[in-house]
Amino acid sequence: MNEPGPTEWGTGPGVGPWDGPLPDDDRYDPELLRDGDTRNVVDAYRYWTRAAIVADIDRRRHPLHVAIENFGNDANIGTVVRTANAFAVDTVHIVGKRRWNRRGAMVTDRYQRLRHHATTEDLLAFAAEAGLEVVAVDNVPGAVPLERTRLPRHCLLIFGQEGPGITDAARLGAATTVSIAQFGSTRSINAAVAAGIAMHAWIMAHADTSQAW
Ligand SMILES: C[S@@+](CC[C@H](N)C(=O)[O-])C[C@H]1O[C@@H](n2cnc3c(N)ncnc32)[C@H](O)[C@@H]1O
């Protein structure tokens, strides 16, 4: 039988109290060692403090940023944050309203860098300063197929919201707009699904997958 993988230590939603001599390492949280760890974290991080986990991911974050426009109240943001966490995205940028529904994030927002920008112009100014190439993601006229595009390494992907889609400011401020090929009847796919596909396209182009869990 294969050795258990990094997410397969325990059987249930977590692990019980630490078994055996306690580790002498300040990445471990004394309370979790004593009581067990039922958080949604990979097994490599079991019993670690949240600060130690964030510090470890920070060492390995990809030069990929994602932004989602939140001028209405987009229910997809939590899912985007969770996916961004899974791919060790540098930062998730929320543009527009500061408040967003954290439910879909499944607590991953505690481990993910998040930044708010009041306007798309503020976001674009940040990207210019940070040396990020801006790619808008929407199936609008003039978009080029994501499937035939190599995303830039130092990249900011901007997603629009359900209903209105990407703003003109984001589309005009981006170096490129990419669309995801569709074949059915719907005019568009869910924004969080689109974000997952585009983030993974970046991973396929630039990440060292030998370092994945
Ligand atoms: C549900 S869409 C709304 C707008 C969409 N242009 C329409 O005509 O219905 C919300 C967001 O999801 C992303 N999206 C949805 N379908 C996409 C596709 N086929 N290609 C690229 N992005 C897509 C875009 O970021 C878009 O702004």
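These exercises work through the domains, sheet, core, ligand shell and two loop residues of one predicted model.

Residues are numbered from 1 along each chain as its sequence is written. Because the model is predicted, local features need pLDDT of at least 70 and side-chain atom pairs count only at pLDDT 80 or more, while totals for chains, interfaces and linings use all residues.

**Exercise 1. Domains**

Find the domain bounds, then describe the contact between the domains.

Solution.
- Start with the bounds, which come from an automatic or database domain assignment. Domain 1 covers 12–58 and domain 2 covers 61–207.
- Take the centres over C-alpha atoms: they are 31 Å apart.
- Now take the contact (C-beta atoms, placed from the backbone, within 7 Å). Domain 1 supplies six residues and domain 2 supplies six residues.
- Sort the domain 1 side by class. Three residues are nonpolar, one is polar and two are charged. Here Ala, Val, Leu, Ile, Met, Phe, Trp, Tyr, Cys and Pro count as nonpolar, Asp, Glu, Lys and Arg as charged, and the others, Gly among them, as polar.

**Exercise 2. The sheet**

Give the strand order, then place strand 4 among its partners.

Solution.
- Strands are DSSP runs of E with at least two residues, helices are runs of H or I with at least four, and both are numbered from the N terminus. Two strands pair if DSSP finds at least two bridges between them.
- Read the order: 3-2-1-6-4-7-5, an open sheet of seven strands with parallel pairing.
- Look at the edges. Strand 3 (114–117) and strand 5 (144–145) each have a single partner strand, so one side of each lacks a neighbour in the sheet.
- Strand 4 (residues 133–137) pairs with strand 6 (residues 155–159) over five bridges, in the parallel sense. Valine 134 faces leucine 156 there.
- Strand 4 also pairs with strand 7 (residues 176–179), parallel, over three bridges. Alanine 136 faces threonine 177.
- Check burial (buried: 20 or more other C-beta atoms within 10 Å; exposed: 12 or fewer; partly exposed: in between; C-beta atoms placed from the backbone). Four of the five residues of strand 4 are buried.

**Exercise 3. The core**

Which residues of the largest nonpolar core touch the most other members?

Solution.
- A nonpolar core is a set of buried Ala, Val, Leu, Ile, Met, Phe, Trp, Tyr and Cys residues joined through C-beta atoms within 7 Å.
- The largest one holds 40 residues, and Val66, Val135 and Ile158 touch the most other members.
- Elements giving two or more residues include strand 1 (62–70), helix 4 (120–130) and helix 6 (191–206). Helix 6 gives the most, with seven residues.
- Isoleucine 158 touches Ala67, Val134, Ala136, Val137, Ile166, Ala170 and Ala174, leaving out residues up to four places away in sequence.

**Exercise 4. The ligand shell**

Which residues come nearest to the ligand?

Solution.
- Collect the residues near the ligand (C-beta atom, placed from the backbone, within 6 Å). Of the 18 found, Gly160, Gly165, Ser188, Ala191 and Ala194 come nearest.
- Sort the shell by class: eight nonpolar, seven polar and three charged.

**Exercise 5. Positive phi**

Locate alanine 88 and methionine 106, then assign their exposure.

Solution.
- Alanine 88 has phi near 50 degrees, a positive value in a residue other than glycine. Alanine 88 lies in the loop between helix 3 and strand 2.
- Alanine 88 is partly exposed because 19 C-beta neighbours fall inside 10 Å.
- Methionine 106 has phi near 50 degrees, also positive. Its loop joins strand 2 and strand 3.
- Methionine 106 has 13 other C-beta atoms within 10 Å, so methionine 106 is partly exposed.

Technical notes:
Two residues are in contact if their C-beta atoms, placed from the backbone, lie within 7 Å.
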